[in-house]
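Colleague: I would like to go through this model with you, one question at a time. Please show it to me before we start.

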Amino acid sequence: MKERNMKKKNDVVLNKKPRWKLLHQYYNYTGFYRFVGASLKKAILPVLLFLGAIVAVNEYVISINSVLITVTETFSPLGILAVFLASESIGLGLVPPELFIAWAGKSAMPVLYLSFLALASYVGGIISYWAGKAITRIPSVHRYMETKMSKHIKNTEKWGGFLIVVGALLPIPFAITSVAAGIIHYKFRYYLLFGLLRFIRFYGYALVIFKIV
């Protein structure tokens, strides 16, 4: 009897799948990979169109370099960073970050200002996260946002940190993902950790945009 029980326990241990396989099955079953694929398709086209527009305008209309230099000389870096922070938080990322990355490339200290932009985006996401948490304390607004963002909230509940990773890396509004994370009360320390990938996105984009402009 003891030997039979021991054999059953050993079979359970041998048949137990590694955690990464279980996670893979879960994300595959719940459609996470399809969501990432669809998001990439939606995100890549606008980025390519934006980069193509910059090249076309620079070639046939007006020098992008001169425009960016004029903006750099006319407006203070602090003011531009403040506008970007507002866009990445209360503006829900409606202004393309690529415009600001191009500006950083023509500033006096490109890497420094690019880092400030990445930090502003990261902080903007944190503001959006806490705005999401605050929304839950206002029943009428909470109900409205749950209806308006129902799909995004459900996805965040299903995939949690992985969706935050996608929002941080892909060219989709990070602020919306952050608001959804706040609404479902996703653990703040994990949000902060995954949100750091925002820096990788900015530095990666800069490698392309700096060469174009």
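Colleague: Is R34 buried or exposed?
Modeller: This is a predicted model, and R34 sits in helix α3 (residues 32-60). A residue counts as exposed when its relative accessible area is over 50%. R34 has 59% relative accessibility, so the residue counts as exposed.

Colleague: Which helix gives the most to the positive surface patch?
Modeller: The patch is formed by R34, K151, K154 and K158. R34 belongs to helix α3. With 3 residues, the most comes from helix α9 (residues 150-159).

Colleague: Why are the buried residues of α9 said to be on the same side of the helix?
Modeller: An α-helix has 3.6 residues a turn, so residues three or four places apart point the same way. In α9 the buried residues are H152, I153, N155, T156 and W159. They lie on the same side of α9 because around the axis they cover an arc of only 160°.

Colleague: Which residues are exposed on the other side of α9?
Modeller: The buried side of α9 holds H152, I153, N155, T156 and W159. Two residues of the positive patch, K151 and K154, are exposed on the other side of α9. The exposed residues there are K151, K154 and E157.

Colleague: Is L112 buried, partly exposed or exposed?
Modeller: L112 lies in helix α7 (residues 110-135). Together with M109, F116, L119, V123 and I127, L112 makes a nonpolar surface patch of about 460 Å². Buried means under 20% and exposed means over 50%. L112 has 37% relative accessibility, so it counts as partly exposed.

Colleague: Which residue meets R198 in a salt bridge?
Modeller: Side chains of opposite charge can pair when their charged atoms come close. The partner of R198 is 3.1 Å away, N to O. The pair links helix α13 (residues 197-212) with helix α5 (residues 77-88), and its two residues are 110 residues apart in the chain. Both residues are buried, and the partner is E88.

Colleague: Are E98 and R201 buried or exposed?
Modeller: The side chains of E98 and R201 meet in a salt bridge at 3.2 Å, N to O. This pair links distant parts of the chain, with E98 in helix α6 (residues 97-105) and R201 in helix α13. E98 has 5% relative accessibility and therefore counts as buried. R201 has a relative accessible area of 6%, so R201 is also buried.

Colleague: How many salt bridges does a search of the whole structure find?
Modeller: One of them joins R198 and E88. Another joins E98 and R201. For the whole structure, the number of salt bridges found is 2.

Conventions: Residues are numbered from 1 along each chain as its sequence is written. This is a predicted model: local features need pLDDT of at least 70, side-chain atom pairs count only at pLDDT 80 or more; totals for chains, interfaces and linings use all residues. Side-chain values use heavy atoms; hydrogens and water are left out. Patches are made of residues with over 30% relative accessible area and no salt bridge: like charges are joined within 9 Å, nonpolar side chains (Val, Leu, Ile, Met, Phe, Trp, Tyr) within 5 Å. Accessible areas come from the Shrake-Rupley method with a 1.4 Å probe; for residues, only the protein chains shown count as cover. A salt bridge is a side-chain nitrogen of Lys or Arg within 4 Å of a carboxyl oxygen of Asp or Glu. Lys and Arg count as positive and Asp and Glu as negative; His and the chain ends are not counted. The place of a charge is taken as NZ of Lys, CZ of Arg, CG of Asp or CD of Glu. Helices (H or I, at least four residues) and strands (E, at least two) are DSSP runs, numbered from the N terminus. Buried means under 20% relative accessible area, exposed over 50%, partly exposed in between (1.4 Å probe, protein chains only). The arc is that of the directions from the helix axis to the C-beta atoms.
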